[in-house]
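The following paragraphs lead a new reader through one protein model, beginning with a pair of charged side chains and ending at the surface. Please keep the structure in view while reading.

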Amino acid sequence: MTDLAPGDAAPAISLPRDGGATVQLSDYAGQNVVLYFYPRDDTSGCTKEAIGFTESLGDLAAANTVVLGVSKDGVKKHDKFVAKHDLGVVLLSDEEGDVCERYGVWKEKSMYGKTYMGIERATFLIDANGNIAQVWRKVKVAGHVEAVVEAARAL
């Protein structure tokens, strides 16, 4: 379990994406990356967040920033999620949970008195040099995308 902080080097990533290709963080060298972790495709908060990032892609591109979403859902589920909501963000499949572990977002959660392991909604803004510039943990969806866009513009 890692507690990544601004200034740390972002852990490497190599994961399959929606559509089937493999994406590595190093593919985006020289660009800023919004790496956001979310619990599950097609749930209300996750859908709002993905649509919010999709709607902000132009603003983020103007700030030399790309968006990668990560969950443990498989590629086929990501493909359906992208098609259903016309998403423009890249969705990565971390079915084994390795990247979630390295970014410290695989956490014990509780709902209705039951505890279980799940992905903590979190976002990492990674600068063009591959270092973490900002971290948001326990993200609340409302206003989050706007805060990330502002931070990306400031890089």
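K84 is exposed, with a relative accessible area of 58%, in a model that is predicted. The side chain of K84 forms a salt bridge with that of D42, with a distance of 2.9 Å from N to O. Because D42 belongs to the loop between β3 and α1 while K84 belongs to helix α3, the pair ties together parts that are 42 residues apart in sequence. The relative accessible area of D42 is 36%, so this residue is partly exposed.

The backbone of D42 also deserves attention. Most residues other than glycine have a negative phi. D42, however, has a phi near 65 degrees, a positive value in a residue other than glycine. D86 likewise has a positive phi, of about 50 degrees, although it is not a glycine. D86 is placed in the loop between α3 and β5, and its relative accessibility of 64% means that it counts as exposed.

How many salt bridges does the structure hold? There are nine. One of them joins D73 to K77, whose closest N and O atoms are 3.2 Å apart. D73 counts as buried because its relative accessibility is 9%, under the cut-off of 20%. K77, at 35% relative accessibility, counts as partly exposed. Another salt bridge is made by E150 and R153, at 2.8 Å from N to O. Both residues lie in helix α5, three residues apart, which is about one turn of the helix. An α-helix has 3.6 residues a turn, so residues three or four places apart point the same way. E150 has a relative accessible area of 48% and is partly exposed; R153, at 44% relative accessibility, also counts as partly exposed. In addition, a network of salt bridges links D3, E120 and R137.

Helix α5 also contains H144. Is this residue buried or exposed? With 5% relative accessibility, H144 counts as buried. Apart from neighbours within four places in sequence, H144 is in contact with E49, F53, T123, W136 and V139. Among these contacts, E49 and F53 are buried residues of α1.

Helix α1 covers residues 44–55. Its twelve residues, at 1.5 Å a residue, should span 16 Å, and the end C-alpha atoms are 16 Å apart, so the expected and modelled spans agree. The buried residues of α1 are G45, C46, T47, E49, A50, G52, F53 and T54. They pack against β3 (32–37), α2 (57–62), β4 (65–71), α3 (75–85), β8 (122–126) and α5 (144–154).

The interior can next be described through its nonpolar cores. The largest nonpolar core has 24 residues, of which L35, F37, L68, Y103, F124 and I126 touch the most other members. At least two residues of this core come from each of β3, β4, β5 (90–93), α4 (98–102) and β8. A second, separate core has 22 residues, including V34, C46, F53 and L125. Two of these names, C46 and F53, have already appeared among the buried residues of α1.

Which residues does F37, of the largest core, touch beyond four places in sequence? They are V70, V99, C100, Y103, V105, I119, E120, R121, A122 and F124. Within this list, E120 is also part of the salt-bridge network with D3 and R137.

Strand β4 holds V66, which is buried, with a relative accessible area of 18%. If residues up to four places away in sequence are not counted, V66 touches Y28, Q31, N32, V33 and V34. V34, in turn, is a member of the second core. V66 and T115 are separated by 49 residues in sequence and by 34 Å in space, C-alpha to C-alpha.

The account closes at the surface. M111, Y112 and Y116 make a nonpolar surface patch of about 400 Å². Y112 lies in the loop between β6 (106–111) and β7 (114–119). Its relative accessibility of 79% is why Y112 counts as exposed. The reader has thus passed from the salt bridge of D42 and K84, through the nonpolar core of 24 residues, to the surface patch that includes Y112.

Note on methods:
Residues are numbered from 1 along each chain as its sequence is written. This is a predicted model: local features need pLDDT of at least 70, side-chain atom pairs count only at pLDDT 80 or more; totals for chains, interfaces and linings use all residues. Side-chain values use heavy atoms; hydrogens and water are left out. Patches are made of residues with over 30% relative accessible area and no salt bridge: like charges are joined within 9 Å, nonpolar side chains (Val, Leu, Ile, Met, Phe, Trp, Tyr) within 5 Å. Accessible areas come from the Shrake-Rupley method with a 1.4 Å probe; for residues, only the protein chains shown count as cover. A salt bridge is a side-chain nitrogen of Lys or Arg within 4 Å of a carboxyl oxygen of Asp or Glu. Helices (H or I, at least four residues) and strands (E, at least two) are DSSP runs, numbered from the N terminus. Buried means under 20% relative accessible area, exposed over 50%, partly exposed in between (1.4 Å probe, protein chains only). The expected span of a helix is 1.5 Å times one less than its number of residues. Contact means heavy atoms within 4.5 Å. A nonpolar core is a set of buried Ala, Val, Leu, Ile, Met, Phe, Trp, Tyr and Cys residues joined through side-chain atoms within 4.5 Å.
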